[in-house]
Amino acid sequence: MSQSGVSERILFLRRRIAAIEARDTTAARDSPRHCEERQRRSNPEPHRGPGLLRCAPNDGDDFLEPLFAARRGALSEIFSARPPDAPAAAAFALAMALRAQAARGGGALVFIIEDMSAREFGLPYGRGLMAAGVDLSRVALVRVRRPREALWAMEEALKSPGCAAVVTEAFLDARLYDLAASRRLLLAARRGGALGVLAPQGTPAGRVSSAAELRVEIAAKSAPVPSSALPAARPPLSPLAPFLWRLRVLKARAGLLGAPGEIDPAQWRHIAFDPERVAFRHAFPERFPAEARDRPPVAAPSRRRA
């Protein structure tokens, strides 16, 4: 791509973000919801009215809350456990962007998709984004040809104060996305105050050395189906159904998710995201024993007690 073409693309992106920022500022100043939010902050009792359901505080079960509580720029990496889990990692990146937007109180969501990633896993689907609670008028979609352009576009978008989150999906090589490149993204996020969510594809997490504050690995989580269950018709999807994943924290900045000794990279967590409340939570409040599948459900008559 010529230099003039790149300049035109980034100019269009800046104008798009500026328009969203101006619209958000005007709406926040004139909206009665802004007055309710100020009353809620001045009142020690939490407001539980339906008008603030999406901004209501969570129940304390969101272990990622410290990442959004500071309301400052940050850089996170979302790796997929296996290549088929890449769409699940992209969905988790979307959930993090929605959580950052709710914590910020507005702002634009920027999705940067590389051509190779688009061919392999597709582009964000408009109807699916709307079902997840995304306002498409506050979304900017950028498609780039090369991984280097994806990192450059992400850095430029993170510098804008009108962005709430920037999600980038690209096939990145460890030599391209190194400590220096991640440091530039982190500084850009700190400058603009947005959350940068990078979903590298095609590279194992163990080969990447970066300055990201959080690195997680995502695996798709399917609902358990009993072995004796008969095949039945699939129930209709609910637009506000929670998203489910299996997650493990590979790296976190000191003090971000607790003491360094409390983070076990080998521990998998069952995580859910509720689009209605815009909050993460544990899918199960406590551990359950695994179902025994190496023996029959009924003991043999010779082994039964009299």
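Q: In this predicted model, what counts as a strand, and how many residues must a strand have?
A: Helices and strands are runs assigned by DSSP, and they are numbered from the N terminus. A helix (H or I) needs at least four residues. For a strand (E), the minimum is at least two.

Q: Between which two strands is the loop that holds valine 278?
A: One of these strands covers residues 269-274, and the other covers 279-282. Valine 278 is in the loop between them. The two strands are E8 and E9.

Q: What is the phi of valine 278?
A: Most residues other than glycine have a negative phi. Valine 278 is not a glycine, yet its phi is positive. The value is about 55°.

Q: Why does valine 278 count as buried?
A: Buried means under 20% relative accessible area. Valine 278 falls below that cut-off, so it counts as buried. Its relative accessibility is 4%.

Q: Is tryptophan 152 buried, partly exposed or exposed?
A: Tryptophan 152 lies in helix H7, residues 147-158. Its relative accessibility is 33%. Buried ends at 20% and exposed starts over 50%. Tryptophan 152 is therefore in between: partly exposed.

Q: How far apart in space are tryptophan 152 and arginine 184?
A: Along the sequence, tryptophan 152 and arginine 184 are 32 residues apart. In space, the distance runs from C-alpha to C-alpha. That distance is 9.6 Å.

Q: Which residue of E6 stands opposite glutamate 77?
A: Glutamate 77 has a partner in E5, leucine 198. E1 and E5 run parallel and share four bridges. E1 also pairs with E6 in the parallel sense, over five bridges. Opposite glutamate 77 in E6 is arginine 215.

Q: How many residues of strand E1 are buried?
A: Strand E1 spans residues 74-80. This strand is mostly covered. Of its seven residues, the number buried is six.

Q: With which side chain does the side chain of glutamate 213 make a polar contact?
A: Glutamate 213 is in the loop between E5 and E6. This residue is buried, at 4% relative accessible area. Beyond four places in sequence, glutamate 213 touches several residues, including Gly73, Leu186 and Lys251. The polar contact, at 2.6 Å, is with arginine 190.

Q: Which helix gives the most to the largest nonpolar core?
A: The largest nonpolar core has 39 residues. Among the members that touch the most others are Phe68, Met96 and Trp245. One helix, residues 86-104, gives eleven residues to this core. That helix is H4.

Q: How many residues make up the second, separate core?
A: This core is separate from the largest one. Its members include Met154, Ala157, Ala181 and Leu198. The number of residues is 31.

Q: What share of the protein's residues count as buried?
A: The protein has eight helices and nine strands. Its accessible surface comes to about 17600 Å², with 54% belonging to carbon and sulfur atoms. Of its 306 residues, the share that count as buried is 41%.

Q: How many contacts beyond four places in sequence does the model have for residues 234-240?
A: The mean pLDDT of the protein is 75. Over residues 234-240, pLDDT stays under 50. Where pLDDT is low, the predicted coordinates should not be read in detail. For residues 234-240, the number of such contacts is five.

Technical notes. Residues numbered from 1 in each chain as written. Predicted model: local features only at pLDDT ≥ 70, side-chain atom pairs only at ≥ 80, totals over all residues. Heavy atoms only, no water. Core = buried A, V, L, I, M, F, W, Y, C linked by side-chain atoms within 4.5 Å. Buried < 20%, exposed > 50% of the residue type's maximum accessible area, 1.4 Å probe, protein only. Pairing = 2+ DSSP bridges. Areas by Shrake-Rupley, 256 points an atom, 1.4 Å probe, with all protein chains shown as cover. Polar contact = N/O pair within 3.5 Å; in protein donor to acceptor, adjacent residues only side chain to side chain. Contact = heavy atoms within 4.5 Å. pLDDT = per-residue confidence, 0-100.
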